[in-house]
Amino acid sequence: MAANIAAMAPGGLSAGNVSSPVGKGIIVKIAMTFGADTPAGPVLVSVPGVGRPGEALMVHDQAARQEYPAQVLADDVLAMVVPEGMAERTITLDLGPVDGGPPSGLSARQTGERVDVSIGGRPFASFRHEEDRFKPIVWPLVGPSGLEMTRAWPMRQDDGTDSRDHPHHQSLWVAHGDVNGVDFWSLAEGHGVQRATDVRMKAGPACVEVDADIDWLDAAGQRVLTERRKVLFWDEIAGRRFVDVFSRLEMTDGPVRFGDTKEGGMCSLRVFPSMEEKRAAGRITNGYGGQGEQTCWGKPAPWCDYSGPVGGRTVGAAILDHPRNFRHPVTWHVRAYGLMGANPFGLSHFANDKSRDGSYGWPKGEAVEYRYRVVLHDGEAATANLDGQWTLFAGGLKVKVLQD
């Protein structure tokens, strides 16, 4: 079973307005209500009977005389990237195939053990799961200015920067340092590995979808749990790029306990070296107004951002924590040397209080889901409207189906 996208799609729709699944050529009208400060960005909305998974649609905004692409991501879940300046209005969705295909700058290619995603013919990101890797990663990760946003070492040995610490910090990844006692975070002796057993790619007009079945194996090759990871690479909008990371962890082989350790991040990112705070040019900011490692490390917040200079420009990368995630708002393992990770388990370390226990266990047969959004932006956090992006990601968009 893949990550439950439908459970995380906002909308609060009344299915009573749709009597049966909508077929080709039928138009559904939905009212979408945006707040005054809602930015442009990707949304997942629940629309009963919207179409078949994988179907490409065209959104017609009659009031503004605009149209833009969308796609059906799962049963009753519509994915689209909406522009700025949206007010309360009625838009119509054409649910049949669009002649010539919807306009989109996205393209993707799956070859061997990687999926390469481009925007406008230029590199955006690559999902990589080569056999010699100890975990799947996303690298490179290129921002809207065409600049790499994450460290290239150790993947690129000729990386010209001087950042050579923590070789297990590899661009964008998911891991934890104590899962039934197995270290899936570092490369210390006896560490575990994440092995992708099946990777599938779907390229749509709104986003490229990568679905990966991943076994978390101990040093002896015994499976600890099974992960169903879904990564969405969205089309660029308003000078921003977005990556969604869904992780459904299934306790397939027995009970699983995630231990209390700071060494982990259910969504982790190592920024480009020149962005590091320790170099006096980078800046860490969280969603509660905290700035700097001392204020943000180990503190809960709905989002965390790392900004700094790359190639003569100021750019930033933020991770947004979904409100349905376990222990939201998450505590952040974010360091001045360039690491940023969402870690809900290391509570005793973050609070410097050994009486606290952040570990948590699930019995065999249960599952837990996490969802995060990575926002790549120009400028510092203060100019990226990350509060608005978090509201959009968290389900702040109000949607209802209208009767014909």
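Biologist: Happy to start with Glu130: which loop is the place of this residue?

Modeller: Keep in mind that we are looking at a predicted model. One strand to consider is β9, which spans 122-128, and the other is β10, at 137-141. Glu130 sits in the loop between β9 and β10.

Biologist: Does Glu130 count as buried or exposed there?

Modeller: The cut-off for buried is under 20% relative accessible area. Glu130 has 14% relative accessibility, so this residue counts as buried.

Biologist: Nice. Which side chain does Glu130 join through a polar contact, and at what distance?

Modeller: Leaving out residues up to four places away in sequence, Glu130 touches Glu113 and Arg195. The polar contact links the side chain of Glu130 with that of Arg133, and the distance is 2.5 Å.

Biologist: Let's move to the sheet. In what order do the eight strands of the open sheet run?

Modeller: The pairing in this open sheet is antiparallel. From one strand to the next, the twist averages 15°. The eight strands come in the order β12-β13-β14-β15-β24-β20-β19-β18.

Biologist: And which are the edge strands?

Modeller: An edge strand here pairs on one side only. That description fits β12 (193-203) and β18 (283-286).

Biologist: Take the β12 edge, then: how many bridges does β12 make with β13?

Modeller: β12 and β13 form a hairpin, with three residues between them. Within this pair, Val199 has Ala212 in β13 as its bridge partner. β13 covers residues 207-217, and its antiparallel pairing with β12 runs over ten bridges.

Biologist: What about the β18 edge: what is the bridge partner of Thr285 in β19?

Modeller: β18 pairs with β19 (residues 303-310) in the antiparallel sense, over four bridges. In β19, the partner of Thr285 is Asp305.

Biologist: I can see a helix lying across some of those strands. At about what angle does α4 run to β20?

Modeller: α4 takes in residues 386-394. This helix lies across β15 (240-250), β19, β20 (313-321) and β24 (367-378). Relative to β20, α4 runs at about 35°.

Biologist: Which residues of α4 are buried, and why are they on the same side of the helix?

Modeller: The buried residues of α4 are Leu386, Gly388, Gln389, Leu392 and Phe393. They are on the same side of α4 because the arc they cover around the axis is only 155°. They pack against β2 (41-46), β15, β19, β20 and β24.

Biologist: The ends of α4 interest me too. What is phi of Asn385 near?

Modeller: Asn385 is in the loop between β24 and α4. With 22% relative accessibility, Asn385 counts as partly exposed. On the other side, α4 is followed by Gly395, with a positive phi near 105°. Asn385, a residue other than glycine, also has a positive phi, near 50°.

Biologist: And where does Ser171 lie, and is that residue buried or exposed?

Modeller: Phi of Ser171 is positive, near 65°, although the residue is not glycine. Ser171 lies in the loop between β10 and β11. Its relative accessibility is 0%, so Ser171 counts as buried.

Biologist: On to the peptide bonds: where is Pro140 found, and what is omega near for the bond from Trp139?

Modeller: Most peptide bonds are trans. The bond from Trp153 to Pro154 is cis, with omega near 10°, and Pro154 is in the loop between β10 and β11 (172-176). Pro140 is found in strand β10. The bond from Trp139 to Pro140 is also cis, with omega near -5°.

Biologist: Last topic, the aromatic rings. Why does the pair of Phe124 and Phe233 count as edge-to-face?

Modeller: The count of aromatic pairs in the model is 13. For Phe124 and Phe233, the ring centres are 6.0 Å apart and the planes stand at 85°, so the pair is edge-to-face.

Biologist: How many residues apart in sequence are the parts this pair ties together?

Modeller: Phe124 and Phe233 are both buried. Phe124 is in β9 and Phe233 is in β14 (residues 223-234), so the pair ties together parts whose separation in sequence is 109 residues.

Methods
Residues numbered from 1 in each chain as written. Predicted model: local features only at pLDDT ≥ 70, side-chain atom pairs only at ≥ 80, totals over all residues. Heavy atoms only, no water. Helix = DSSP H or I, 4+ residues; strand = E, 2+ residues; numbered from the N terminus. Buried < 20%, exposed > 50% of the residue type's maximum accessible area, 1.4 Å probe, protein only. Polar contact = N/O pair within 3.5 Å; in protein donor to acceptor, adjacent residues only side chain to side chain. Contact = heavy atoms within 4.5 Å. Pairing = 2+ DSSP bridges. Axes fitted to C-alpha atoms, helices over the stretch in contact; angles between N-to-C directions. Arc of directions from axis to C-beta. Phe/Tyr/Trp six-rings, centres within 6.5 Å; stacked < 30°, edge-to-face > 60°.
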